[in-house]
Amino acid sequence: TFANPRLANQLLSPDGAATGPNTIHVPSGKKMTVWQAVCEYKAAGTPLIVLAGKEYGAGSARDYAAKGPYLQGIRAVIAQSFERIHRSNLAGMGIVPLQFKGTDSVVALGLTGMEEFTVHLPASPTPLMDVQVEAKPASGPAKKFTVTLRFDTAVEVEYWRHGGILPLVLRTKLGSK
């Protein structure tokens, strides 16, 4: 839920020196708690994306570590790499795990987190396929880059298609696939 006091949010300071459960609300630019920002985004109907570095989710391999972000409105995570179990838990919650390719990263691509992101995910994705992402800053040209869809199995694609494992199980039990 991004409440860790050691969390380094680079929206607050690009060098990562600012830590704690605070963020900058985009587009207002106001500093607020992550929870306040979540409430603002939910009220506006804005789906969220996380930009991350290496081993995203390390130390948070329990399934509830993916439930919180889902309830906060996070619909995708783009990271350099994922902690194995956490990546699987994200998929089980219907959150799209995307991995930068090669040496690409937030820094290498010059991303700030202030952009508006479009993930060009097809209606019928396949495991480990390439996906195009477009990051449009408030002014200037969009940055386009390719990531790897980290649904590693067809079952994980089904979880996403149904909005997570729980809706899939309910639909299956109720016979309304």
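The following is a set of questions and answers about a predicted model.

Visitor: What should be known about the numbering and the values?
Guide: Residues are numbered from 1 along each chain as its sequence is written, and side-chain values use heavy atoms, leaving out hydrogens and water. In this predicted model, local features need pLDDT of at least 70 and side-chain atom pairs count only at pLDDT 80 or more, while totals for chains, interfaces and linings use all residues.

Visitor: Why is N9 called buried?
Guide: Buried means under 20% relative accessible area, exposed means over 50%, and partly exposed lies in between, with a 1.4 Å probe and protein chains only. N9 has a relative accessible area of 13%, so N9 is buried. N9 belongs to the segment before β1 (22-24).

Visitor: What makes the distances from the side chain of N9 to L11 and N22 polar contacts?
Guide: A polar contact is a pair of N or O atoms within 3.5 Å; within protein, one must be able to donate a hydrogen and the other to accept it, and residues adjacent in sequence count only if both atoms are side-chain atoms. A polar atom of the N9 side chain lies 2.8 Å from the backbone nitrogen of L11, and one lies 3.1 Å from the backbone oxygen of N22.

Visitor: Why does L166 count as exposed?
Guide: The relative accessibility of L166 is 55%, and therefore L166 counts as exposed. L166 is in helix α5 (residues 165-174); helices are DSSP runs of H or I with at least four residues, strands are runs of E with at least two, and both are numbered from the N terminus.

Visitor: How do you know that β5 and β8 pair?
Guide: Two strands pair if DSSP finds at least two bridges between them. Strand β5 (residues 96-100) and strand β8 (residues 143-149) are joined by three bridges and run antiparallel. L98 stands opposite L149 in β8.

Visitor: What makes β3 and β4 a pair?
Guide: Four bridges join β3 to strand β4 (residues 74-79), and the two run parallel. V50 stands opposite V77 in β4.

Visitor: Why are β3 and β6 called edge strands?
Guide: The open sheet has six strands in the order β3-β4-β5-β8-β7-β6, with mixed pairing. β3 (48-51) and β6 (116-120) each pair on one side only, and these are the edge strands.

Visitor: How do the side chains along β3 alternate?
Guide: L48 and V50 point to one face and are buried, whereas I49 and L51 point to the other and are not. In a regular strand the side chains alternate between the two faces of the sheet.
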